[in-house]
Amino acid sequence: MTNNFHNSPNYGTINIHQTTVGYVVPQRSWPRRHPILTLILGFFALGFIVEYWWLALLGAGVWLGVRSYRKREAGRELARQEQMRLIASAHAQNQAFLQGNQFGTHGHFPVDGRYIHPPQE
């Protein structure tokens, strides 16, 4: 058996991704990898917020506005999907009624109490 990677710059090193089957080493977050730099940047951010509090307040207002807009749009999308589901169900019931199926007359709640599945098209 020959080694095809003898010219590789990593020849002779152990790579956990190549040697271990089915296991990937999770990478730590940026602040965990650079704690001192994170502390320095945190002090700069704190000084910026103290000096320009109105800008931080403006940013928080924009963030809240975008968040409420996205939430409202998600609610509208859910309502639209529910409306489309109802339209599809009504269309299926109408087609069943036109074909003389009991599902078209009584929908999902027939008189005898059994659940009726819509006809398969």
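This is a short talk on the helices, the salt bridges and a nonpolar surface patch of one protein chain.

Okay, let's get going. Keep in mind throughout that what you see is a predicted model.

The overall picture, then. The protein chain has 5 helices and 0 strands, so if you read along the sequence you get the pattern α-α-α-α-α. Of its 121 residues, 6% count as buried. On the outside, the chain exposes about 11,200 Å², and carbon and sulfur atoms supply 63% of that area.

What about contacts along the chain? Take the contacts between residues at least 6 apart in sequence: 0% of them join residues at least 24 apart. Please hold on to that number while we look at a pair of helices.

The pair is helix 3, running 35–51, and helix 4, running 53–98. How do helix 3 and helix 4 pack, and at what angle? The angle is about 100 degrees, and their axes are 5 Å apart. That makes helix 3 roughly perpendicular to helix 4, because anything from 65 to 115 degrees falls in that class. On the helix 3 side, the contact is made by Phe 48, Ile 49, Val 50 and Glu 51. On the helix 4 side, Trp 53, Leu 55 and Ala 56 make the contact.

Some of those names come back in the next feature, so rotate to the surface around there. Phe 48, Ile 49, Tyr 52, Trp 53, Trp 54, Leu 55, Leu 57, Leu 58, Val 62 and Val 66 make a nonpolar surface patch of about 1,000 Å². Helix 3 and helix 4 each supply at least two residues of the patch. Which helix gives the most? Helix 4 does, with 7 residues. Val 66 is a nice one to click on: this valine lies in helix 4, and at 37% relative accessibility Val 66 counts as partly exposed. Why can Val 66 be in the patch at all, given that accessibility? Patch residues need over 30% relative accessible area, and the 37% of Val 66 clears that cut-off.

Now stay on helix 4 and move along to the charged side chains. How many salt bridges does the structure hold? The count is 3, and I'll take them in sequence order.

Start with Glu 73 and Arg 76, whose side chains meet in a salt bridge at 3.4 Å, N to O. The two are 3 residues apart in helix 4, so about one helical turn separates them. Glu 73 is partly exposed, with a relative accessible area of 29%.

Next come Glu 77 and Arg 80, with the closest N and O atoms 2.8 Å apart. Again both lie in helix 4, 3 residues apart, about one turn of the helix. Both partners are partly exposed: Glu 77 has a relative accessible area of 32%, and Arg 80 comes in at 44%.

Then there's Glu 82 with Arg 85, where the closest N and O atoms are 2.7 Å apart. Being 3 residues apart in helix 4, Glu 82 and Arg 85 also sit about one helical turn from each other. Glu 82 counts as partly exposed at 36%, and so does Arg 85 at 47%.

To wrap up, there are two things to look at on helix 4: the patch it gives the most residues to, and the salt bridges such as Glu 82 with Arg 85. That's me done, over to you.

Conventions. Residues numbered from 1 in each chain as written. Predicted model: local features only at pLDDT ≥ 70, side-chain atom pairs only at ≥ 80, totals over all residues. Heavy atoms only, no water. Patch = residues over 30% accessible without salt bridge, like charges linked within 9 Å, V, L, I, M, F, W, Y side chains within 5 Å. Areas by Shrake-Rupley, 256 points an atom, 1.4 Å probe, with all protein chains shown as cover. Salt bridge = Lys/Arg side-chain N within 4 Å of Asp/Glu carboxyl O. Helix = DSSP H or I, 4+ residues; strand = E, 2+ residues; numbered from the N terminus. Buried < 20%, exposed > 50% of the residue type's maximum accessible area, 1.4 Å probe, protein only. Axes fitted to C-alpha atoms, helices over the stretch in contact; angles between N-to-C directions. Parallel < 35°, antiparallel > 145°, perpendicular 65-115°, else oblique. Contact = heavy atoms within 4.5 Å.
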